[in-house]
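I opened this model to look up a few residues, ring pairs and voids. My notes follow in the order I took them.

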Amino acid sequence: MTRIAVIGAGIAGTTSAWSLIRRGYDVTLFDRQRYAAMETSFANGGQLSASNAEVWTHWSTVLKGLKWMMRKDAPLLFDPKPGWHKLSWVAEFIASIPHYERNTMETVRLALAARGHMERMAQEAGIEFDREKRGILHVYRDRKGFDHAAKVSLLYAQAGLDRLPVSPDEMRRMEPALTGDFHGGFYTETDSTGDIHKFATGLSDAVGRSGGRFVGGASVTRLQRDPDGVTVWFEQGGERHEERFDGIVIAAGIASRAFAAQLGDRVNIYPVKGYSITVNLDGAESRAAAPWISLLDDDAKIVTSRLGANRLRIAGTAEFTGENRDIRADRIRPLTQWCETMFPGVSTENVVPWAGLRPMMPNMMPRFGRGRAPRVFYNTGHGHLGWTLSAATAEAVADVIGNDLPSEGRAPFFRPVLVAAE
């Protein structure tokens, strides 16, 4: 039987593992945490958002970063402290600006393809993940932001996504809880939201039920490839282990860069920190005052998702400060204040803060497919769109592996379990 190791059990790793399981591979899913999806896939903004597929490689992003550099509460915070990794990443980011339109449209196409794959995975694995199919509403307070969004919508349309302009009155009819003065908005009916952690852990459990294996609390220390396979060295429970596989998928978030170097590839991922708060809607008044439709406030760079009746997820900001997982009060405070301003009837007495490191490639495009050497594959670098894109990139990687390393032994798994996905 063809054995594949998947390194990383976040959303990219669990979707990769499931895509391989259903094709008949013997899959081992490794993660340094005891459980799946405990890092960047734990508490993100929740949006499955083709409508947020615009890549950041635009001169306006550079100008905003420079303008906000000295503001601790800025939506985009860039630490000017030099370092070779950061400098090389920024240089490649700027070099990718001429490809902004092409990469935005390609990201939209991936996001549209991912929808069907994700829904099928949820049905097959029997996952309930607080899915809300109410669309996503982008809101704009001034004409400048709205006009830029109109140009972006034209790119989206070329890639097959309809995003409709809406007036302030239409916005309030869509979401009666919405307050504030707006110039207008754009609405994408086909977008949705859901709990990434529930989905990824559900897939991890399904991998185990379907003949695969999850190895949690496993710190992978070394990878070595040769013409016949890949050896994985890892530490678990104070003991050292060594296992041999026919192929490997690197889906380890920001750690993918170091693993790729061991395997002869350069994957220039940089950690971009994002923050979220989960507002627990403990009272009936808070539940009634919280929005159900998912929002993206483009000026504040903040998104919301309703995760069931009792939780509201609010997320945003981008922080270029290296591999730093500290949860800073001055970065969390703007999220709480935004909630209190936009939805004054929602109590913020019970708020859970979180921070995660998005694995960003300089061109804002995920790295998926073959590595330089045979038997090495990648599904990583999705940045802020891992939840939106991973199901499509996982399927693409599994197809490539199917061509290069056909599965031998177990019959492919295609039978869905009889549990509703929603």
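I call two residues in contact when heavy atoms of theirs lie within 4.5 Å. The model is a predicted one, and I read every entry below with that in mind.

**Entry: Ser 19**

I began with Ser 19, which I found in helix α1 (residues 11–21). Is Ser 19 buried or exposed? Its relative accessibility is 0%, so I put Ser 19 down as buried. I then asked which residues Ser 19 is in contact with, leaving aside neighbours within four places in sequence. I listed Met 121, Ala 394, Glu 395 and Ala 398.

**Entry: Val 346**

Val 346 sits in the loop between α10 (329–342) and β18 (351–360). I noted a relative accessible area of 4% for Val 346, which lies under the 20% limit, so this loop residue is buried. With neighbours within four places in sequence left out, the contacts of Val 346 are Val 279, Leu 281, Ser 286, Ala 289, Ala 290 and Cys 339. I also checked Val 346 against Ile 332: they are 14 residues apart in sequence, and their C-alpha atoms are 17 Å apart in space.

**Entry: Arg 372**

Next I took Arg 372, a residue of the loop between β19 (367–370) and β20 (376–380). Its relative accessibility is 69%, so I entered Arg 372 as exposed. Not counting residues up to four places away in sequence, Arg 372 touches Gly 264 and Asp 265. I also looked up Ala 260, which is 112 residues from Arg 372 along the chain, and found 9.8 Å between the two C-alpha atoms.

**Entry: aromatic rings**

How many aromatic pairs does a search of the whole structure find? I recorded 14. One of them is Phe 78 with Phe 320, with ring centres 5.6 Å apart and planes at 45 degrees. That angle is neither under 30 nor over 60 degrees, so I filed the pair as tilted. The pair joins distant parts of the chain: Phe 78 belongs to strand β4 (residues 76–78) and Phe 320 to strand β17 (residues 311–320), 242 residues apart. Phe 320 has 6% relative accessibility, so it goes down as buried.

I looked at Trp 338 and Phe 343 after that. Their rings pair edge-to-face, 5.9 Å centre to centre with 70 degrees between the planes. Both residues, Trp 338 and Phe 343, are buried.

Going back to Phe 78, I found that it forms one aromatic cluster with Trp 89, Phe 93, Tyr 270 and Phe 320. Lys 86 lies over the face of Phe 78, at 5.3 Å from the ring centre. I noted a charge over a ring at Trp 292 as well, where Arg 306 lies over the face at 3.9 Å from the ring centre.

**Entry: second largest pocket**

Phe 78 came up again when I checked the second largest pocket, whose volume is about 260 Å³. I counted 13 lining residues, and those nearest the centre are Thr 61, Val 62, Gly 65, Phe 78 and Val 90. Which elements each supply at least two residues of this lining? I wrote down α2 (59–67), β4 and α3 (84–95). By class, the lining of the second largest pocket has 11 nonpolar residues, 2 polar ones and no charged ones.

**Entry: largest cavity**

I searched for cavities of 30 Å³ or more and found 1 in the structure. The largest cavity holds about 50 Å³ of space. Its lining includes Ala 53, Glu 54, Val 55, Thr 107, Met 360 and Met 364. His 382, Gly 383, His 384, Leu 385 and Leu 389 also line it. Sorted by class, that lining has 6 nonpolar, 4 polar and 1 charged residues.

**Entry: positive phi**

Last, I looked up two residues with positive phi that are not glycine. Ala 37 has phi near 55 degrees and lies in the loop between β2 (26–30) and β3 (47–48). At 2% relative accessibility, Ala 37 counts as buried. Thr 317 has a phi of about 75 degrees and belongs to strand β17, the strand that also holds Phe 320. I put Thr 317 down as buried, at 9% relative accessibility.

Methods: Residues numbered from 1 in each chain as written. Predicted model: local features only at pLDDT ≥ 70, side-chain atom pairs only at ≥ 80, totals over all residues. Heavy atoms only, no water. Phe/Tyr/Trp six-rings, centres within 6.5 Å; stacked < 30°, edge-to-face > 60°. Helix = DSSP H or I, 4+ residues; strand = E, 2+ residues; numbered from the N terminus. Buried < 20%, exposed > 50% of the residue type's maximum accessible area, 1.4 Å probe, protein only. Lys NZ or Arg CZ within 6 Å of the ring centre and 35° of its normal. 1 Å grid on protein atoms, 1.4 Å probe; cavity = no way out; pocket = protein on both sides within 12 Å on 5 of 7 lines; lining within 4 Å. Points joined across faces, edges and corners; volume = space filled by probe spheres on them. Nonpolar A, V, L, I, M, F, W, Y, C, P; charged D, E, K, R; others polar.
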